[in-house]
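Colleague: I've got a model open and I'm new to this. Can you walk me through it?

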Amino acid sequence: MPLIIHGLWQQQMEGQLLRLTLTGAFNSAGVEALHAEAATLLRECVGQGLRPPLAALVDLNQWQLTTPDSQWALQRMFERIAATGFTHVAYCGASRLRQHLLESCWQGVSGVSRHYANSIEDACRWLQEAGFSDAVIASD
């Protein structure tokens, strides 16, 4: 019986920057589905000439964490992110609990700098300082 996917996301590539918004609570099937969709998007962009280094801007303001069974899926996803050429990840809306959960899943993964910000402006500023000029506040 297939697992039901829990968790919602929106993503788009802007130059070398992956913008990702997470909503709701994720289970392992949700994390795996998110990663599969992101991998497909990256393959398409690589086919159009995208090359590392890459960065991600992740909005956690509506994220309601994950189920305990999904933490291994998060760690595998982070390992794949590092192997794909992501060097920087900026999180906004990162409470202490969210930061603690994410950092526990990043353990053992090297080569990716992370920043936890309270605002999208701070997250974008950090990415810009790291050389990712595509990290601008999106205008609606």
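Modeller: We'll go through the sheet, then what packs on it.

Modeller: This is a predicted model, where local features need pLDDT of at least 70, side-chain atom pairs count only at pLDDT 80 or more, and totals for chains, interfaces and linings use all residues. Residues are numbered from 1 along each chain as its sequence is written, and side-chain values use heavy atoms, with hydrogens and water left out.

Colleague: How many strands are in the open sheet, and in what order?

Modeller: Five, in the order 1-2-3-4-5, with mixed pairing. Strands (E, at least two residues) and helices (H or I, at least four) are DSSP runs, numbered from the N terminus. Two strands pair if DSSP finds at least two bridges between them.

Colleague: Which strands stand at the edges?

Modeller: Strand 1 (8–14) and strand 5 (113–117). Each has a single partner strand, so one side of each lacks a neighbour in the sheet.

Colleague: Do tell me about strand 1. Which side chains are buried?

Modeller: Trp 9, Gln 11 and Met 13 are buried (under 20% relative accessible area, 1.4 Å probe, protein chains only). They point to one face. Leu 8, Gln 10, Gln 12 and Glu 14 point to the other and are not buried.

Colleague: How does strand 1 pair with strand 2?

Modeller: In the antiparallel sense, over seven bridges. Gln 10 has Thr 21 in strand 2 as its bridge partner.

Colleague: And the other end, strand 4 and strand 5: parallel or antiparallel?

Modeller: Parallel, joined by five bridges. One pair is Cys 92 with Ala 117 in strand 5.

Colleague: Which strands does helix 4 touch?

Modeller: Helix 4 (residues 120–129) packs on the sheet, touching strands 2, 3, 4 and 5. Contact means heavy atoms within 4.5 Å.

Notes:
Axes fitted to C-alpha atoms, helices over the stretch in contact; angles between N-to-C directions. Buried < 20%, exposed > 50% of the residue type's maximum accessible area, 1.4 Å probe, protein only.
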